[in-house]
Amino acid sequence: MKDSDRRKSENLCVHATFEDQGAGNLCDEKVDAFYQVKIPPRSIISTSQEPNQLILETLIVGRRFSIEKELLLGTSIILVRDPDNIKDCNAIKVLSADPGCGKVFGYISRDLSKYLSPLIEKFSMSFEGCVTSTPEHIFGTVPIRISCLSLASSNMIDSEVFRSLWADVVHVVESAKTNPTSGKTKYQENLCLLIKEVLQDNIHLFTVDELSFLESFLSLSNDCQRLFVSLYMRKGPWFRLSTISYVEILNVEEATKELSERGYFRLASAEVLLDDLKRILNVLAIPDLRFVQNILDKRKNRSSRKQDIITSLVSSYEGGQCPCLPAVLIKKFGVFVTISETAESLFWRAQRLFFLNGEQDLSAFLFADLQIIKYPAYNCITTDKIFRNRSDMLSFEEAVKVAQIMDQSIEENDSHHGSTLKWFLLGISFLEKEHRYIDAITLLRRLLSVFTCDSRRGYWTLRLSIALEHIGRPTESLTVAENGLLDPWIRAGSRLALQRRILCLGKPPRQWKIPRRPLNCEAGTKSRFYGYDGEQCGVEELALQYYSSAGGQWKSVQSESGIWLNIFGLLMWDIIFSDVPNVFYSRFQTAPLDLDTYNFYISRKDKIESHLQNIQAGMAEEILIASWQSNEGTSCKGVNWDRHSLSDLRAVVTCVGGSCLASLCRHLAQDYRSWSSGMPDLLLWRFHGNYTGESQACRG
């Protein structure tokens with residue numbers, strides 16, 4: 001799958017018009033970059049036209065980076081390289097051509113600057129031009145016309161490199177003729193892309209009316225699309241129209257009217273449901289609520305709390321004393337609007353079908369520059385649909401809603417089960433703090449006997465073992481920890497903690513040379529110590545000072561699970577993105593759907609074990625380097641390219657050793673969800689020479 005097929009070019013509209021043809025107008029038809037664009041092959045593009053014979057009509061993008069908010073028609077501009085740009089090393093700034101001004105208006109699009117940049121740097125080409133049209137809003141793209149001002153020597157122009165680069169420029173120009181911009185923002189483009197992807201692969205899950213509704217969103221005006229996305233991403237559910245203002249939306253009232261007519265919005269009326277009335281009142285500020293209360297109720301000694309005022313107004317409306325309350329609200333404060341139930345349910349469904357695993361953030365996707373993000377290369381091998389039919393999907397949606405209601409009930413203490421368990425845990429914490437360990441032990445044993453199939457059993461077992469040690473029963477504490485390792489519901493971090501307890505209870509733990517107690521013991525605050533240098537420090541700095549005092553050039557990183565997930569992702573990259581049926585359904589996944597399940601290891605067991613043998617045999621560093629060089633910057637779950645350098649990762653891999661790395665990768669492959677958290681806070685390593693070393697993991 002090609003990169004050009006993966007990502008939609010951002011706000012690019014380039015037209016080539018030769019001097020003998022005159023300059024044409026910018027095309028404004030809306031064409032889908034992913035499904036309708038037919039880009040001419042580079043090999044058939046003529047490069048006979050010299051650079052000084054070509055006028056390029058393109059756009060200034062990235063206007064939010066400019067302090068010059070308004071541009072006038074005919075403003076002179078020049079193109080200047082921006083090699084220090086951290087987002088794009090090929091970036092080209094658009095500056096004012098006025099001498100001594102240097103105002104930055106924005107940037108040339110990434111697609112074009114990719115090829116113009118080396119022409120400017122290596123062949124001394126320079127470009128100037130002017131603004132040909134003003135944008136709809138201050139952050140909108142600005143149409144410009146540019147031409148080549150100066151050229152390199154004829155010998156350089158005749159070189160193969162120059163001709164190749166210029167052919168690429170012409171290729172971008174020609175292909176852009178069939179992909180003119182519609183002036184959409186990133187979040188517009190990305191939501192439209194999400195809808196198209198879902199409709200393309202899941203058409204059997206929607207009715208004809210539902211398909212028509214979602215498809216109609218693609219033809220809405222820019223203002224309508226922008227307003228819908230903006231409110232859909234806000235908390236709501238009701239909004240006061242008079243307070244809605246976005247610089248990129250020209251006419252909020254007209255957009256609201258159109259969205260209401262098309263069924264995307266619902267407006268408040270004089271006959272409103274009681275639940276909706278409560279939510280509408282919540283939108284208003286306290287002074288507004290008091291104003292309404294003064295109109296409808298002349299009584300004095302009213303509460304100043306917002307919820308008390310709302311309760312009073314709702315009670316009056318419900319009892320018939322103030323039947324005109326909704327009408328008063330609309331007359332005084334204007335239109336109130338909410339996302340319609342149809343739009344809410346269908347866009348929620350599209351979101352679930354697009355992300356599938358439910359873990360990716362819609363907001364992060366909508367506002368991401370998909371042209372910058374590199375998604376990994378993999379094959380989508382689908383032998384089965386996620387949902388065979390609409391009935392399966394509706395059953396899944398119902399199950400999700402029930403689960404959400406249950407979670408909410410537990411959080412709000414509406415569930416007797418959730419409330420009782422919460423008080424149990426609070427009681428245990430209180431008893432431990434008061435050193436009433438026998439009472440705490442009784443409650444912990446009760447929990448373990450009642451909840452026999454619960455993922456929290458590991459935490460409870462660990463606390464029970466610790467409490468038994470506190471009252472001087474180390475043998476029983478050891479037995480509890482050992483029995484815990486036989487419990488199938490105790491996994492990952494809790495299992496590792498129990499193993500450490502067994503080691504500590506079996507032999508005296510290693511003590512620091514100088515016992516140190518924290519300077520503060522307040523709950524919820526990070527402990528502070530006096531370090532070996534006499535200065536205050538955290539527990540991680542204290543641990544590093546201790547190991548350094550024993551000799552050796554120790555290095556450290558405080559990242560808990562982060563560095564291990566980085567190493568796992570890089571070492572197991574080819575396994576993660578290997579050809580396995582029905583785990584990749586979209587071009588925008590950063591991991592297979594089964595990574596967090598036991599099936600990840602089971603379905604790839606032979607490949608994984610063969611790969612782990614190579615890691616154990618000492619090939620980890622070689623695999624790590626090759627994976628980094630091949631995939632740097634590509635999105636992958638657990639991999640953070642900016643957090644740890646390649647040199648640090650190589651050092652850690654070398655010092656940890658093949659056996660430990662193979663074991664770590666095996667645990668993560670077997671149960672990624674459980675093992676991806678709860679790792680030690682601090683990792684230290686040092687070299688001994690002859691390319692050997694050691695590492696230590698410390699928990700604060």
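Is C380 buried, partly exposed or exposed? Select C380 and switch on the surface: with a relative accessibility of 33%, this cysteine counts as partly exposed, because that value falls between the 20% cut-off for buried and the 50% cut-off for exposed. Keep in mind as you click around that this is a predicted model.

**Another cysteine**

Now jump to C665. Here the relative accessibility is 0%, so C665 counts as buried. While you have cysteines on your mind, don't spend time hunting for disulfides: the structure holds 0 of them.

**Zoom out**

Go back to the whole chain in cartoon view. You should be looking at 28 helices and 15 strands. The protein has 700 residues, and 45% of them count as buried. Turn on the surface again and you have about 36,300 Å² of accessible area, with 51% of it belonging to carbon and sulfur atoms. If you like contact maps, here's one number to go with yours: among contacts between residues at least 6 apart in sequence, 69% join residues at least 24 apart.

**Stop one: strands β3, β4 and β5**

Select residues 92-96, which is strand β4. This strand is mostly covered, with 4 of its 5 residues buried. Add residues 76-81 to your selection to bring in β3, which pairs with β4 in the antiparallel sense over 5 bridges. For a landmark in this pairing, show V80 and K93 as sticks: V80 stands opposite K93 of β4.

Then add residues 104-108, strand β5. β4 and β5 also pair in the antiparallel sense, here over 3 bridges. The landmark this time is L95, which stands opposite V104 in β5. As you look along the strands with side chains on, remember that in a regular strand the side chains alternate between the two faces of the sheet.

**Stop two: a three-stranded open sheet**

Next, select β8, β9 and β10. Together they form an open sheet in the order β8-β10-β9, with antiparallel pairing. β8 (238-240) and β9 (265-267) are the edge strands, and each has a single partner, so one side of each has no neighbour in the sheet. Rotate the view to look across the strands and you can follow the twist, which averages 35° from one strand to the next.

Zoom in on β8 and β10 (residues 336-339): 3 bridges join this antiparallel pair. Show W238 and T338 as sticks, since W238 stands opposite T338 in β10. Now add residues 274-283. That's helix α9, lying across β8, β9 and β10 and running at about 45° to β8.

**Stop three: two loop residues with positive phi**

Which residue sits in the loop between α16 (416-433) and α17 (437-450)? Select H435, which has its place there. Its phi is near 60°, a positive value in a residue other than glycine. H435 has a relative accessible area of 58%, so it counts as exposed.

For another example, go to N582, in the loop between α23 (573-576) and α24 (599-603). Phi of N582 is near 65°, again positive in a residue that isn't glycine. With a relative accessible area of 21%, N582 is partly exposed.

**Stop four: T461 in helix α18**

Select residues 457-470 for helix α18, then pick out T461 within it. T461 is buried, at 5% relative accessible area. A polar atom of its side chain lies 2.8 Å from the backbone oxygen of R457. To see what surrounds T461, show L448, V480, G484, I490 and L498, which it touches once residues up to four places away in sequence are set aside.

**Last stop: helix α25**

Finish with residues 605-631, helix α25, and find E609 there. What does the side chain of E609 meet at 2.5 Å? Show Y601: a polar contact of that length joins the two side chains. Leaving out residues up to four places away in sequence, E609 touches Y601 and R666.

Also in helix α25 is S627. S627 counts as buried, at 7% relative accessibility. Its side chain reaches the backbone oxygen of L570 at 2.9 Å. Beyond residues up to four places away in sequence, S627 touches L570, W573 and E632. Draw a distance between the C-alpha atoms of S627 and W573 to end the tour: they are 54 residues apart along the chain, yet separated by 7.0 Å.

Terms used. Residues numbered from 1 in each chain as written. Predicted model: local features only at pLDDT ≥ 70, side-chain atom pairs only at ≥ 80, totals over all residues. Heavy atoms only, no water. Pairing = 2+ DSSP bridges. Axes fitted to C-alpha atoms, helices over the stretch in contact; angles between N-to-C directions. Contact = heavy atoms within 4.5 Å. Disulfide = S-S within 2.5 Å. Buried < 20%, exposed > 50% of the residue type's maximum accessible area, 1.4 Å probe, protein only. Areas by Shrake-Rupley, 256 points an atom, 1.4 Å probe, with all protein chains shown as cover. Polar contact = N/O pair within 3.5 Å; in protein donor to acceptor, adjacent residues only side chain to side chain.
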